[in-house]
Amino acid sequence: MQLAAEWGAQGWIVLEAFHARDRQAPPAFNVPDGLEEAAGVLVVVDYAERWDTEDLLTLLADTAVGAGRGVRVRVLLLSRPSGVWWQNLSYRVDRDVGVPAERFELLPVESDPMVSREGLFTAARDSFARLLGVTEARGVQPPPGLLVRAEYQLILSVHMAALCAVLAARQGDQAPGEPAAVSAYLLKRERDHWVALRGRREEPLTVTADAMGQLVYTATLTGPLSYADAKRAVRRASVESTEMPGTLLKDHARCYPAWAHSGQASPAHLTVLEPLYPDRLGEDYLALLTPGHSVDFADDLWSDEAPARLLPLTDGTGAGADAIGPVWTRRALTTLVEAAGRWPHLARTQLYPLLLARPALALQAGSTTVTALAAHAHIDLDVLEAIDAVLPEERGEWAPAAAAVADRLLERRLDGASDAERARIRGSLANRLANVGQTQRALILAEESFKGYVSLEREDIPGGFFGQTPDGIPAYLPETAFAEGNYAVRLAQAGRLEDALVHANTTILWLMILTKQDREGFLPELAVAHYNYAGWLAEAGRHEEALRWSQDAIDELRELALRPGGVVHLPSLHDLNAAAARHAQLLAHLGRTDEALTLSRLSLAGLRDLVRLDRTRLLPELPALLRDHADLLEQTGRPLDALPYSAESVDSLKELANTDPGAYRPRLAEELARHALRLSELGRAAEALLVSEEGIIQRRELAAEDRATHLPPLIAAIKLHLLLLGEADASTPLFLRYSEQSIALHREMTQRERTADSVADLVRALIPHASRLMEAGRVDEALTFSLEAVSSAADLKGGPADTVDLPIAAGWHALWLEKAGRLTEMLTYSAEAIEIAYSRYQDDPDVNLPDLAARVSDHAARLADSGRQGEALEHCRLATGWFQELLDADPDAHREGYIRNTAVFAHVLIRGGRYAEAVVPLLFATNFVPELPEDRRYDIGPWIGDLIRTAHAGAPKAVARQYRQMTGQPIPPYLQGQPSR
């Protein structure tokens, strides 16, 4: 495979996945050498459509476990169909495994303007001619139908035609033109080969050409088998030969030896009955050997009912979903369905009669094959009716087939049906389509179903508008209520919540009428309607109303769960617990936390009991309920009580992740982060850090498997860990280690996306890292990271990500340059910080004025330190005006900024030698200091005192005189000492 070779050349290890049913599978899986050093692992699944959905999901989960070791893993599913099969599979992969799935459809060759059928034919013809040494074939023209026949959309068909053209030229024959004739020509050559081998003097074939043809037919259906199974298949097929089955198989193996897989020195398991390749040629052979076609190829009456001989159920009479046929049943049916889709006579004479007689065989073929069968252009609808009658619709893996079959039968079932029956048919199909994610079509059909019942005219129904049943219930009222309820569900699924509420309300009214007349019959439906209605009201923000309807659902489900005589109905008990848990959340939302806690506790106890009865099925529901209960306890001021429930939620998810990593590891990582926060809030910093580290490990493993999906959560996990490290007053080296990791991941994210948000997040990561480096005395490193932040932030200037919560990197860089004594550079970045702050101010003055005023004030101080007194005073005046405006608007919020700016003004005066004048703003600021919070008071107060001492040192007499003039007191001795700054 070219793709495998290309990936291998880039350092990837390429593996082929085999299903347990595949007789060609290697006996054991050997871990390839160099796995740890490889760029990644590519797992290729050929004929993926032939796998059960559940088996594919298991494979994906298994590869996720391997990826957890830090190796990148990609899984390539190769299949013929897409459509419904892919729609359902991708939905399940996303829902159950949590892995993103992308579809890449190989379009017909003519969709590529750089490729043409004629060009493909010419290239293939010349290659075959060179390989076979047929120089005269280079002038052979393409077949007449090459450009117009749909069959030639496939590259394989074009290549087959090219090979035929070369072979015909070598033999002097007329090259076939029709696609079917191309297959016939190649198959005739196969038969000539058998005849030649049988006529050899040395070691001739024992079997006749006819018998060999029958063996090839059998092998095409069964695929490779073990020797014992192959002998059984030959006997069932009744191959017409006097030779023993073993002799027949050995002769067949001489013509079609088993092929060895990559890395194997010999064929796997010594299988026999290797089929014809490519598959399309083998399928054509089945059709051409079967009577009923018009192609120039000799058929064989033996093939009539050969599929029926090969495909009995175990006892020959079974019709249930669990009836099991021979090991080749699934492969044979899949191949037969594919071939019959292109050859109507094969479908008409072999496949359809077989399935009509034994519809349960379709269950052995699998959901994907039944879905493909329903897509046959010439399908016998009676066959689909027979299959539909035995489909295990309740099993999730059969949902695509159930939807496809019912959809194909829709027109037939509607034709001639009564109005009521039409409504029922549409409603049933709506439910099946909804099960495979076809939300819009499901909504349309559900609406048609509901309106169909509503439109039943009074005169069309004896007994009045709805007629009457023997119980006195209007004849069509139950169906109408159910149809409107389903319509409400489909509306909600389509996001039309308000419309869903309208119809759900009407549904409840109908069901209340019905329940009064037949409580046992209709109470379950009324409980479901109340539950849905309450949920939708909550989604719409109408929590008070939702609570009332939720209580009705609980009361009804309690009645259903606790039957007379102490009998407990477990399914209803499960639904009751779910309703109670949601009711608790509604109570909490409305502030009724004590009631919420009581109900949540009861719901949790009930679910625990149910989990003990059916752990596999119900354990997945437990972690969320435990988490919600822990949240409720925190809301009621009982965080310590919440901790055991949070820990149990983590433990439950660990158990689930061990059995299904793909589905539960993301949830486990999320819950670990929650638990770490709870521990931190309780002051248990060391434990919080351990739990947070465990969450990071999970996120790393997930990101190694799927970088695009799990890189952002990994970044968030490390961000949380840095927050916890800060709260725990962790050492600077430890903080820097995680901070460096955070920066590296943010850089990767910006390279992947280069969005404004990703760049802004990088800036947010760089600033605290640089700050910690400055604290550690690693000035040059700090300035390097700080400068990167400035450069990154430049791309955001004036854009949507340039918001007030984004640190102004230039301002921080100026601060650290100032501390490093690099004053000339400092002013450049300080001015840039003002420019950025002013730009934000213009966008939103109210939000950004405080930051602008602070930037201008800081810059004034720096200008003064650089000897630029006039500019410094000008900036001070601007800042003072803005801070006065802010103080007047909100004194408590802006008092500190106002005091700081006043002190800066004094600093500027001092730097200009105006010492006595500086006393005025300093004493003015001193009056405001007592109004600050205590922690801020002891930061600003000493600074102002130091400025007074600085002024006094510059002009002792003038400052002392100014101080006495303003206070009436002599300047205290402690303000006459040497300044500390």
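Contact is taken here to mean heavy atoms within 4.5 Å, axes are lines fitted to C-alpha atoms, for helices over the stretch in contact, with angles running from 0 to 180 degrees between N-to-C directions, and helices (H or I, at least four residues) and strands (E, at least two) are DSSP runs numbered from the N terminus. The structure is a predicted model, in which local features need pLDDT of at least 70 and side-chain atom pairs count only at pLDDT 80 or more, whereas totals for chains, interfaces and linings use all residues. Residues are numbered from 1 along each chain as its sequence is written, and side-chain values use heavy atoms, with hydrogens and water left out.

Helix H1 (residues 2-9) lies across E1, E2 and E3 and runs at about 150° to E1. These three strands form an open sheet in the order E1-E2-E3 with parallel pairing, two strands being paired if DSSP finds at least two bridges between them. Strand E1 (12-16) and strand E3 (73-77) stand at the edges with a single partner strand each, so one side of each is left without a neighbour in the sheet. On average, and with direction ignored, neighbouring strands of this sheet are turned by 20° against each other.

Five bridges join E1 to E2, and five bridges likewise join strand E2 (residues 40-45) to E3. Between E1 and E2, Leu 15 has Val 43 in E2 as its bridge partner; towards E3, Val 41 stands opposite Val 73, and the bridge partner of Leu 42 is Arg 74. Six of the six residues of E2 are buried (under 20% relative accessible area with a 1.4 Å probe, protein chains only; exposed is over 50%, partly exposed in between), so E2 is largely enclosed by the rest of the structure. In a regular strand the side chains alternate between the two faces of the sheet. Both faces of E2 are covered, with Gly 40, Leu 42 and Val 44 buried on one side and Val 41, Val 43 and Val 45 buried on the other.

Further along the chain, His 543 is found in helix H23 (residues 543-561) and is buried, with a relative accessible area of 16%. Leaving aside neighbours within four places in sequence, His 543 is in contact with Ala 538, Leu 586, His 589 and Leu 590.

Helix H28 (residues 639-659) has 21 residues, which at 1.5 Å a residue should span 30 Å, and its end C-alpha atoms are 31 Å apart, which agrees; the expected span is 1.5 Å times one less than the number of residues. The buried residues of H28, among them Leu 643, Val 650, Leu 653 and Ala 657, pack against helix H27 (622-635) and helix H29 (661-681). Arg 667 is found in H29 and is partly exposed, with a relative accessible area of 32%. Leaving aside neighbours within four places in sequence, Arg 667 is in contact with Pro 620, Pro 623, Ala 624 and Leu 653, while the C-alpha atoms of Arg 667 and Ala 657, 10 residues apart along the chain, are separated by 8.8 Å.

A search of the whole structure finds four cavities of 30 Å³ or more, a cavity being a set of points on a 1 Å grid over the protein atoms alone where a 1.4 Å probe fits but cannot get out, and lining residues having an atom within 4 Å of a point. About 80 Å³ of space lies in the largest cavity. Its lining includes Ala 793, Lys 797, Asp 802, Glu 832 and Arg 840. Helix H34 (779-794) and helix H36 (823-843) each supply at least two residues of this lining, and the largest share, three residues, comes from H36.

Conventions:
On a 1 Å grid over the protein atoms alone, a cavity is a set of points where a 1.4 Å probe fits but cannot get out, and a pocket is an open set with protein on both sides within 12 Å along at least five of seven lines; lining residues have an atom within 4 Å of a point. Grid points are joined across faces, edges and corners, and a volume is the space filled by probe spheres set on the points.
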